[in-house]
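Dear colleague,

Please find below the structure that I am handing over to you. My findings follow directly after it, beginning with a run of paired strands.

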Amino acid sequence: MMAQAQAQEGAGAPDEQRGRAASIEDVHPPSAEQDAAASTAPDTPLPASSDEIAFSADDLVYDSNNDTVTASGKVQMLREGNRLRADQVVWNRKTGEVRASGNVSVTDPDGNVGYGDSIEVTDALKDGVVDNLLLVMAQGGRLVARRGEHRDNVYTLREAAYSPCPVENAEGCPKEPSWQIKAVEIRYDPATKRVHYSHARLELFGLPLLVLPGFAHSVGEDSASGLLVPDARLNGVNGLEIALPYYFKLAPNRDMTVTPHVFTNELPMLEGNYRAFLGKGAYSITGYITNSRSSDDEISTGSGNRQLRGYIDGSGSYQLDRNWNLSGSIRRVTDRTFLRRYDISRDDRLRSTLKAERISDNSYLSIAGWSVQTLRLTDRQGQMPIALPVIDYRLRMTDPLLGGAVQFQANSLAITRTHGQDTQRAFASAEWTLRRLTALGQELSLTAYARGDVYHSSDNDLADNAAYSGISGWQGRGVAALAADMRWPFVGAFLGGTQRIIPRVQIVASPRIRNMAIPNEDARTVDLEDSNLFALNRFPGYDRVDDASRVTYGVEYGLDLKDFSLSAIVGQSYRVSDRSSLFPDGTGLSERISDIVGRTTVRYKDFISVTHRYRLDKDNLALRRNEIDATVGSRRTYATIGYLRLNRNATETTEDLTDREEVRLGARIAFARYWSIFGSTVIDLTDASEDTSSLGDGFEPVRHRVGLAYQDECIDLGVTWKRNYRSSGDARNNNTIQLRLAFRNLGI
């Protein structure tokens, strides 16, 4: 049916009531029938103009004496995007008043849906009053009130409460929301997506937590300026710490957060974070500043000099066009112990970078620079490198003759130190690769590689390790290698799954290369592993090149079943020539026959994952590298184990990677649906028999943490105890207790 009427003023505002504020759990959520009705497309025809009200009902009665229309049974009314549904609607055409009762719901043009026992609105369906209102906000969250009013597209609720938390559990039984904000009056403006409170208080699990006078927040994904949730921790060095962040919404694409940190044992610290989105890029800058005592001594007495201390951490990138990208970062700190003292980071070196990159389908160009700041108390800053420029260009082409692939590379690096060796390097290389499948199913790869290097170094006597210094002045080097690599996959059905057995053989021929005359800046730490077993150059960088003519052989295995998978690789290398090896003892490559290396990975569903990497001594099969990473459990309840032992039996001191042994343990146990306990630890198992420089007794805890957490749909709550067992200047070993409280769906 269609009726036409002129919009009239709605009923006046109700008298203010000041009884007990409504609670989210006091008002039942809409039934499934109501929710379906509010979300489905209306069967009421659209009005022809803004002056018309379109409605439909099972039964319609017109009282000509009182000029009223009574609609009953699945009543729907629509005007200017406002929609009313109820079991019965009485429309007074004289006053323009519309009274609805029975399963009442009102939807405004923004998508907010109000439910109530009864409602009085104007015939424009815009303004009105609702008793026992439940407002389901389009941006997320719910508002309930003893009485609610809608005027000029603003909701005013008396004795009201707000919460985004569900009030029913998974079985449909009522539950108390984890948190809610109760107030004498709440105003919600859908245009600004802001909720304002008068005389409000925050309740957590039904208990009053905080008084919030004049509090306001945004809803949905939008944000606005305001206070964020405080952070609290208790530290054995700094005492009790309270951090109270304040968020500034500067523009739709820019914001800033300022966080004062107050300590009981130290002067306050100020933290600031600024973020901006530039359309084609973004950047973020975080800084800390304070005035406190510091000490870079190995063992701090706590009587260091008071000084201005701080840290800056910034990063950003910008896409100049389809191919060019500019990125950079800056990380600098005033002293070596600041980050650990205030538990900001455990990094022992900070790198600042600047890079311009051009990436196309077949080429890559990088022009970069970087510098390093050391935070290790025993390191000298003068030995830290400053690299500028670092240029790398690569071009990939298709071989027009044999159909292989050709890659050209040009690279340049200049390293400067304030009190150490300076090195400049440039090289150009070409690599040709051809892959073919034989008639028997073998995968054959042929590789030819050639490179020419030019180096210049000075102040070589200031190198941190004489074995890496090379010969000062200008030095040149030629690099060449030929390689043939064959894999022969055997694949077939096994135990209802697929099994793969792949023997592999690689032959590499390379002439003697002038290695030791060249400074070594980027290839110092080398160890035979499954990842570099078949690599053309088993050194990690460019400054050292594996010049051994060799045969490498191994086998790969794979088994994939419905819920189980296993993959493994094992192999060894044999050097053809009998000339002395470039590799130091303990790397697994110093003799003609290398050690045996391998990796095994086992997975069962998503419940168990175990990876074992190892290196066996070729003479007595002793474990020279034993590394295990295992995870057992589900997403909520799990345990992780990491174990590493390097027993390389090295007789020289030229390697940076010393022998060590450590274990890493972690676990989380979920219980009572939303609760969990968690913990982790790192223990140094190294003793003097493994590393002569170690002062440990074979069981030295490094750090650990234990915590209790609660996490549901709208709140994260937890307490964590952490202990650091190693001192670094004024960042002494200490205990830290941290409280975490984060409200989800509470935009500030």
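In this predicted model, strands β37 and β38 (residues 638–646) run antiparallel and are joined by nine bridges. Their hairpin connection consists of four residues. Within this pair, I628 has Y643 in β38 as its bridge partner.

The pairing continues on both sides of these two strands. On one side, β38 is paired with β39 in the antiparallel sense, again over nine bridges, and L646 stands opposite R660 in β39. On the other side, β37 (residues 623–633) pairs with β36 through nine bridges, also in the antiparallel sense. Here R615 is set opposite R625 of β37. The hairpin of β36 and β37 has six residues between the strands, and L621 in this hairpin takes a positive phi near 60 degrees.

One strand further back, β35 (residues 596–604) and β36 (residues 608–616) run antiparallel with nine bridges between them. I596 stands opposite L616 in β36. Three residues separate β35 from β36 in their hairpin, and K605 in the turn has a positive phi of about 50 degrees. As a general point for reading these pairs, side chains in a regular strand alternate between the two faces of the sheet.

Chain as a whole

The protein chain holds two helices and 43 strands. It has 748 residues, of which 44% count as buried. Among contacts with a separation of 6 or more, 50% are between residues 24 or more positions apart.

The second largest pocket

This pocket encloses about 820 Å³ of space. Its lining comprises 33 residues, and those closest to the centre are Q711, D716, L717, R740 and A742. The elements that give two or more residues to this lining are β16 (231–235), β39 (660–671), β40 (675–684), β41 (700–711), β42 (715–724) and β43 (734–743). Of these, β42 gives the most, with six residues. By residue class, the lining of the second largest pocket divides into 15 nonpolar, twelve charged and six polar residues. Strand β39 therefore appears twice in this account, since it pairs with β38 and also contributes to the pocket lining under the strand assignment used here.

Cavities

Seven cavities of 30 Å³ or more are present in the structure. The largest cavity contains about 170 Å³ of space. It is lined by 18 residues, of which V106, I119, V130, H150 and Y155 are the closest to its centre. Strands β7 (113–122), β8 (128–136) and β9 (142–151) each supply at least two residues of the lining, and β8 has the largest share, with five. The lining of the largest cavity is made up of nine nonpolar, five polar and four charged residues.

The largest nonpolar core

The largest nonpolar core has 46 residues, and M77, L84, W179 and Y197 have the most contacts inside it. Leaving aside neighbours within four places in sequence, L84 is in contact with V75, Q76, M77, V89, V98, A100, V104, S105, V106, I119 and L125. Two of these partners, V106 and I119, are also named among the residues closest to the centre of the largest cavity.

Backbone geometry

Three further places deserve attention when you inspect the backbone. The peptide bond that joins L388 and P389 is cis, with omega about 0 degrees. P389 lies in strand β26 (residues 386–398).

D67 is not a glycine, yet has a positive phi of about 55 degrees. This residue is found in the loop between β3 (59–63) and β4 (68–79). The relative accessible area of D67 is 18%, which is under the 20% limit, so D67 counts as buried.

L495 likewise has a positive phi of about 55 degrees although it is not a glycine. Its place is the loop between β31 (490–494) and β32 (497–509). Is L495 buried or exposed? L495 is exposed, because its relative accessible area of 65% is over the 50% cut-off.

With kind regards

Note on methods: Residues numbered from 1 in each chain as written. Predicted model: local features only at pLDDT ≥ 70, side-chain atom pairs only at ≥ 80, totals over all residues. Heavy atoms only, no water. 1 Å grid on protein atoms, 1.4 Å probe; cavity = no way out; pocket = protein on both sides within 12 Å on 5 of 7 lines; lining within 4 Å. Points joined across faces, edges and corners; volume = space filled by probe spheres on them. Nonpolar A, V, L, I, M, F, W, Y, C, P; charged D, E, K, R; others polar. Pairing = 2+ DSSP bridges. Core = buried A, V, L, I, M, F, W, Y, C linked by side-chain atoms within 4.5 Å. Buried < 20%, exposed > 50% of the residue type's maximum accessible area, 1.4 Å probe, protein only. Contact = heavy atoms within 4.5 Å.
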